[in-house]
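Q: Could you take a close look at one part of this model for me, the sheet and whatever packs around it? I'd like one connected walk-through rather than a list.

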Amino acid sequence: MILVDTNVLLDLVTDDPVWADWSIRQLDAAALKGPLAINGVVYAELSVRFERIEALDALLDDSGIRLEKIPRAALFLAGKVFRRYRAAGGLRNGVLPDFFIGAHAAVAGLPLLTRDVQRYRTYFPSLGLLAPRT
């Protein structure tokens, strides 16, 4: 299974002129390796672009992307990573969505398909990232 980050799916939904082609190629390649999944955080972030839940669910069903629960250990890890982030001078008051997504992938041992790698590499250095070369 491969966890898909919000930005990759938003590239498709918005037909992003810079990233849509890359995201489509990466999703196709990832789907050949195994099932694709998102978690509730990605679902919530993606829902902003949809007026109706049925439209979002149809996109996910048509794409073969399933919704997975975030393991409790990942929720705990996200809080610990957030504390480290704040100690390093991070400015956000709430736990960042990326910490939930990264912790989910790390705890479940899943590769993460994303194009936004900096925070994941910093706070989850052993995470397998499927990302653009930087």
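A: Let's start from one pairing and work outwards, keeping in mind that this is a predicted model. I2 has L36 as its bridge partner in β2. That pair belongs to the link between strand β1 (residues 2-4) and β2, which run parallel and are joined by two bridges. On the β3 side, I38 of β2 has L67 as its bridge partner. Four bridges join β2 to strand β3 (residues 65-68), and these two run parallel as well.

Zoom out and you get the full arrangement: an open sheet of five strands in the order β3-β2-β1-β4-β5, with parallel pairing. The edges are β3 and β5 (129-130), each of which pairs on one side only.

Now back to β2, because in a regular strand the side chains alternate between the two faces of the sheet. So which residues of β2 sit on which side, and are they buried or exposed? L36 and I38 are on one side, A37 and N39 on the other, and all of them are buried. Both faces of this strand, residues 36-39, are covered. As for helices on the sheet, α1 lies across β1, β2, β3 and β4 (112-113), and runs at about 60° to β1.

Just ahead of β1 there is M1, in the segment before that strand. M1 is partly exposed, with a relative accessible area of 33%. Leaving out residues up to four places away in sequence, M1 touches P35, A37, R66, E68, L110 and P111. A37 is thus a contact of M1 as well as one of the buried residues of β2. L110 is worth a distance check: its C-alpha atom is 6.5 Å from that of M1, though the two residues are 109 apart along the chain.

If you go through the backbone torsions, stop at D15. This residue is found in the loop between α1 (6-13) and α2 (20-33). Most residues other than glycine have a negative phi. The phi of D15, however, is near 50°, a positive value in a residue other than glycine. D15 counts as exposed, at 58% relative accessibility.

That leaves the helix pairs, where α6 is the one to follow. The axes of helix α3 (residues 40-47) and helix α6 (residues 97-108) come within 9 Å and cross at roughly 140°. The two are therefore oblique to each other. On the α3 side the contact is made by V41, V42 and E45, and on the α6 side by P97, F100 and I101. By class, that gives five nonpolar residues, one charged and no polar.

Helix α5 (residues 72-87) also meets α6: their axes come within 8 Å and cross at roughly 125°. That makes α5 oblique to α6, and the crossing is right-handed. From α5, the residues involved are A73, A74, L75, L77, A78, V81, F82 and Y85, and they meet F99, F100, A103, H104, A106 and V107 of α6. The contact divides into 13 nonpolar residues, one polar and no charged. Keep an eye on F100 when you inspect α6: F100 takes part in the contact with α3 and also in the one with α5.

Conventions. Residues are numbered from 1 along each chain as its sequence is written. This is a predicted model: local features need pLDDT of at least 70, side-chain atom pairs count only at pLDDT 80 or more; totals for chains, interfaces and linings use all residues. Side-chain values use heavy atoms; hydrogens and water are left out. Buried means under 20% relative accessible area, exposed over 50%, partly exposed in between (1.4 Å probe, protein chains only). Two strands pair if DSSP finds at least two bridges between them. Axes are lines fitted to C-alpha atoms, for helices over the stretch in contact, and angles run from 0 to 180 degrees between N-to-C directions. Angles under 35 degrees count as roughly parallel, over 145 as roughly antiparallel, 65 to 115 as roughly perpendicular and the rest as oblique. Contact means heavy atoms within 4.5 Å. Ala, Val, Leu, Ile, Met, Phe, Trp, Tyr, Cys and Pro count as nonpolar, Asp, Glu, Lys and Arg as charged, and the others, Gly among them, as polar. A crossing is left-handed if the near helix is turned anticlockwise from the far one by less than a right angle, and right-handed if clockwise.
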